[in-house]
Amino acid sequence: MRNCLTHTTTGPVARFSGNRARLWIMLLLVGESFALACGGENTSGPGSAVLTTIAVSPTTLTFTGLAEDATLVARGLDQNGNQMSSVTFTWNSTEAAVASVTSAGVVTSVADGETLITASSGGVTSTPVAATVQTWTLVSAGGGHSCALTAADEAYCWGENSAGELGTGGGGESSTPLPVSGGLAWQSIVAGIPHTCALTLNGAAYCWGRNENGGLGDGTMLDKNVPTQVSGGLTFQSIVPGNFHTCGLTTGGEAYCWGLNSSGQLGDASFTDRSSPVLAGGGMTFQTLAVGSRSTCGLDPTGVAYCWGANFAGQLGDGTFAGSGIPVQVADGHTFQSITAGNSHVCGLTVSEAYCWGDNTFGQLGDGSNATVGTPQLVGGGLTFQTLSVGFDSSCGLLANGSGYCWGQNEDGQVGDGTLNNRSMPTAVTGNLSFQLLSAGGQHTCGLTTANAAYCWGNNDGGKLGNSGGPVSTPQRVAAR
């Protein structure tokens with residue numbers, strides 16, 4: 001056999017070469033591995049571990065809010081799979097505008113999208129870590145489901161789906177957000193009680209879900225599990241589904257309603273159900289609309305409130321308990337900036353004060369009592385709200401600093417104060433979250449934080465909170481889509 005390997009050393013022992021030299025060196029280097037090649041150098045002798053792999057954990061990242069942090073840990077491995085010490089890594093994000101990364105491997109979400117994060121050292125680069133940022137721009141709590149929009153104008157819904165109200169094209173409830181089918185771009189979406197409605201970017205109205213009374217407005221009374229365009233070719237600036245009827249406000253300020261009309265809630269002076277939009281209020285113009293279970297309200301261009309439909313609990317606010325198929329003026333002469341309606345109570349916001357009227361069985365009027373009243377009552381607590389949202393039998397308000405307050409029915413924790421006690425006065429939502437939007441639903445409530453993260457609390461039948469588990473009385477993060 002050709003011996004092409006020669007090593008010479010000097011010392012008290014005579015020179016050795018070839019196989020004898022190999023034996024002598026191996027004896028001196030017990031436990032060390034090495035390799036000598038013809039004309040080559042020792043590449044793996046003592047202290048010569050070589051960086052060959054960089055392992056990073058975790059291997060994926062998903063953010064559901066902005067300005068959130070997660071730390072990646074990198075480990076340098078040698079040719080034998082052993083971890084090396086004192087390795088310095090350089091971190092990189094392919095899309096720093098989506099998620100940035102520091103020299104210490106701290107990743108921060110910046111905007112919706114996807115990016116790849118890598119660690120490198122000495123010409124070796126790790127397998128990329130996929131970092132995804134999934135935030136929301138709007139969230140809406142309905143009866144048994146919830147819906148939201150993304151920054152890319154995509155619609156997602158989750159929760160109960162017995163009538164197709166998730167709009168996915170199939171049946172089956174979901175505790176995680178599912179994309180609404182059709183691929184349309186949306187400017188708004190509102191989850192109603194048994195159905196959902198949304199507006200496209202050009203103001204076309206679509207609805208889906210239960211349609212037994214024509215609440216989808218497509219000229220039929222058949223349930224739909226995909227977005228179905230409202231008939232009539234109208235261009236809307238807003239749309240609000242209620243229980244079994246829906247109303248939309250055109251860009252010209254006209255109110256159109258359709259669906260169940262047993263109490264005159266469509267405002268067309270009749271009590272006939274309509275499966276297509278009909279003009280409400282005899283041509284009155286409005287700046288905003290609110291839809292309850294069997295009543296409807298609107299603000300005229302000067303901020304005067306009008307309501308029509310059922311009035312068994314005083315929800316029309318005119319001081320009587322008589323229903324009306326045409327708009328009647330809310331009493332006491334307040335000028336409102338916004339108005340919102342629930343099952344059988346209504347709340348309105350003036351420049352500095354919140355007022356509610358109607359059913360008060362659970363304290364949903366927020367005046368410290370349980371007395372049902374047919375005229376506006378000042379909400380107690382001395383708080384100045386920026387926005388209001390009324391659910392089935394609860395109400396919520398948002399302060400300028402992002403603090404959320406709710407009151408009314410709380411048997412499922414929908415007030416969000418960590419208890420199951422009904423509240424007749426505004427009570428702070430726990431969790432120290434800063435909200436930009438609150439949406440009160442049937443027996444649950446959802447909110448969008450200033451970091452564009454969605455939270456829900458209350459009853460969780462069907463997964464309407466956006467996560468698995470039972471009812472919760474404190475805000476819980478909606479699962480990633």
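Cys396 and Cys406 are joined by a disulfide, with an S to S distance of 2.1 Å. The structure is a predicted model, and a search across the whole of it finds 7 disulfides. This briefing treats three of the cysteine pairs, Cys396–Cys406, Cys446–Cys456 and Cys347–Cys356, and then turns to the loop residue Thr150.

**Disulfide Cys396–Cys406**

- The link of Cys396 and Cys406 is right-handed, with 105 degrees about the S-S bond.
- Because Cys396 belongs to strand β32 (residues 394–399) and Cys406 to strand β33 (residues 404–408), this disulfide ties together parts that are 10 residues apart in sequence.
- Cys396 has a relative accessibility of 1% and therefore counts as buried, the cut-off for buried being under 20% relative accessible area.
- Cys406 is likewise buried, its relative accessible area being 0%.

**Disulfide Cys446–Cys456**

- The sulfur atoms of Cys446 and Cys456 lie 2.1 Å apart and form a disulfide.
- The torsion about the S-S bond of this pair is about 100 degrees, so the disulfide of Cys446 and Cys456 is right-handed.
- Cys446 is located in strand β36 (residues 444–449) and Cys456 in strand β37 (residues 454–458); the pair therefore ties together parts that are 10 residues apart in sequence.
- Cys446 is buried, as its relative accessible area is 0%.
- For Cys456, a relative accessible area of 0% also places the residue in the buried class.

**Disulfide Cys347–Cys356**

- A disulfide connects Cys347 with Cys356, at an S to S distance of 2.0 Å.
- The link of Cys347 and Cys356 is right-handed, with 105 degrees about the S-S bond.
- Cys347 and Cys356 are both buried.

**Loop residue Thr150**

- Thr150 is found in the loop that runs between β12 (145–149) and β13 (155–159).
- With a relative accessible area of 2%, Thr150 is buried.
- When neighbours within four places in sequence are left aside, Thr150 is in contact with Thr135, Trp136, Thr137, Tyr156 and Arg481.
- Among these contacts of Thr150, Tyr156 falls within the residue range of β13 (155–159), the strand at one end of the loop.

Technical notes
Residues numbered from 1 in each chain as written. Predicted model: local features only at pLDDT ≥ 70, side-chain atom pairs only at ≥ 80, totals over all residues. Heavy atoms only, no water. Disulfide = S-S within 2.5 Å. Buried < 20%, exposed > 50% of the residue type's maximum accessible area, 1.4 Å probe, protein only. Helix = DSSP H or I, 4+ residues; strand = E, 2+ residues; numbered from the N terminus. Contact = heavy atoms within 4.5 Å.
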